[in-house]
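Work through the exercises below with the sequence and the model at hand. Each task is followed by a solution in steps.

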Amino acid sequence: MYSMSNTIAITPSELSTAVLHGYLLGAVGPRPIAFASTMDTEGRPNLAPFSFFNVFSANPPVLIFSPSRRVRDNTTKHTLENVMATKEVVINVVDFKMVQQMSLASTEYDKGENEFIKAGLSMVPSDLVRPFRVGESPVQFECRVTKVEPLGEGGGAGNLIFSEVVRMHIHKAILDENGGIDQHKIDLVARMGGNWYSRANQGMFEVPKPLSSKGIGVDHIPAAIRSSSVLTGNDLGMLGNVENLPEPDEVTAFLEEHNDLAAMAKAEDMTALHLKAKEFLMNNDVLSAWKALMIKQ
């Protein structure tokens with residue numbers, strides 16, 4: 001836990017928009033990237049990335065991204081202008097193989113300049129909307145815009161673009177054996193603060209969701225374990241996500257199989273037992289961690 005005496009308190013209205021913008025982007029991430037393809041009323045393509053983006057509904061399928069007004073001069077971006085005029089957009093996801101081209105497309109080229117060409121990306125005709133798809137993107141969403149919600153009128157203000165998906169295109173190469181999207185194969189990238197990005201499949205880990213079962217909660221973990229100098233908040237969270245604690249006979253049988261734990265218990269070396277439990281937790285073996293911890297309970 002961070003020491004509260006070492007934090008700074010910030011009131012947004014007391015900062016310049018540029019400084020506040022930096023804090024927000026540095027603290028909220030990784031952020032998925034909407035590589036948005038639009039077309040103006042003259043039929044000229046435009047392509048630009050936005051990291052104020054996510055999926056917000058499955059029924060109906062709705063993605064929302066937000067082109068902000070420019071901080072420096074309060075002007076609007078070509079993507080927003082095109083969407084307001086045509087009510088259509090293709091949102092392409094960004095994988096590691098195309099991240100440099102995506103970055104190049106973020107350059108503020110003159111209106112009418114084709115970022116597909118500037119970034120060397122393939123223009124693939126869509127089925128149901130006019131903007132082109134990015135052929136290099138592993139998943140492309142053809143969308144009709146149902147609403148644009150301005151969040152303000154000054155520089156830095158966002159504009160929420162509600163984009164209802166009318167057709168998806170998924171490259172077969174990223175699918176697993178069950179037809180789902182393999183999170184390693186899709187190799188997504190996301191935005192961090194400044195010039196930094198995050199590559200999803202280089203740091204993925206699983207955290208079982210407590211949806212199908214009701215965990216006992218950290219508050220029901222014995223105080224001697226909760227106050228451990230070895231176990232972290234993450235460790236306690238894993239321990240609290242079990243429905244029931246091991247029975248005494250299970251702990252006894254476990255102890256008979258682990259002579260090293262028996263020696264620790266005999267010596268009443270709680271630190272060693274907690275370190276052993278932490279080792280089990282690092283291997284996602286929560287039940288064994290609990291059995292190790294309950295030897296001296």
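**Exercise 1: the cavity**

Strand 2 and helix 2 each supply at least two residues of the lining of the largest cavity. Helices (H or I, at least four residues) and strands (E, at least two) are DSSP runs, numbered from the N terminus. The model is a predicted one, in which local features need pLDDT of at least 70 and side-chain atom pairs count only at pLDDT 80 or more, while totals for chains, interfaces and linings use all residues. Residues are numbered from 1 along each chain as its sequence is written, and side-chain values use heavy atoms, with hydrogens and water left out.

Task: state which residues line the largest cavity and how they divide by class.

Solution.
- Step 1. Fix the term: on a 1 Å grid over the protein atoms alone, a cavity is a set of points where a 1.4 Å probe fits but cannot get out, a pocket is an open set with protein on both sides within 12 Å along at least five of seven lines, and lining residues have an atom within 4 Å of a point.
- Step 2. Searching the whole structure gives 1 cavity of 30 Å³ or more. The largest cavity holds about 40 Å³ of space, where a volume is the space filled by probe spheres set on the points, and grid points are joined across faces, edges and corners.
- Step 3. Its lining consists of D40, R44, P45, N46, H78, N82, K111, G112 and E113.
- Step 4. Sort them by class: Ala, Val, Leu, Ile, Met, Phe, Trp, Tyr, Cys and Pro count as nonpolar, Asp, Glu, Lys and Arg as charged, and the others, Gly among them, as polar. The lining then has 1 nonpolar, 4 polar and 4 charged residues.

**Exercise 2: two pockets**

Task: describe the lining of the largest pocket, then that of the second largest pocket.

Solution.
- Step 1. The volume of the largest pocket is about 860 Å³. Its lining has 33 residues, and P49, F50, K77, S106 and E108 lie nearest the centre.
- Step 2. Two or more lining residues come from each of helix 1, strand 2 (45-50), helix 2 (78-86) and helix 3 (99-105). Strand 2 gives the most, with 5 residues.
- Step 3. By class, the lining of the largest pocket has 12 nonpolar, 13 polar and 8 charged residues.
- Step 4. The second largest pocket has a volume of about 660 Å³. It is lined by 24 residues, with P32, F53, V55, V93 and L188 closest to its centre.
- Step 5. Among the elements that supply at least two residues to this second lining are strand 3 (53-58), strand 8 (139-150) and strand 9 (159-170). Strand 3 has the largest share, 5 residues.
- Step 6. The lining of the second largest pocket has 20 nonpolar, 4 polar and no charged residues.

**Exercise 3: salt bridges**

Task: for the salt bridges of E108, R167 and K276, name the partner and place both residues.

Solution.
- Step 1. A salt bridge is a side-chain nitrogen of Lys or Arg within 4 Å of a carboxyl oxygen of Asp or Glu. The count by this rule is 14.
- Step 2. E108 pairs with R70, with the closest N and O atoms 3.2 Å apart. E108 is in the loop between helix 3 and helix 4 (115-119) and R70 in the loop between strand 4 and helix 2, so the pair ties together parts that are 38 residues apart in sequence.
- Step 3. For burial, buried means under 20% relative accessible area, exposed over 50%, and partly exposed in between (1.4 Å probe, protein chains only). R70 is buried at 12%, whereas E108 is partly exposed at 44%.
- Step 4. R70, R72, D73 and E108 are linked in a network of salt bridges.
- Step 5. R167 pairs with D127, the closest N and O atoms being 3.1 Å apart. R167 is partly exposed, at 36%, and D127 is partly exposed, at 44%.
- Step 6. K276 pairs with E279 at 3.5 Å between the closest N and O atoms. Both lie in helix 10 (residues 270-282), 3 residues apart, about one turn of the helix. K276 is buried at 16%, while E279 is partly exposed at 42%.
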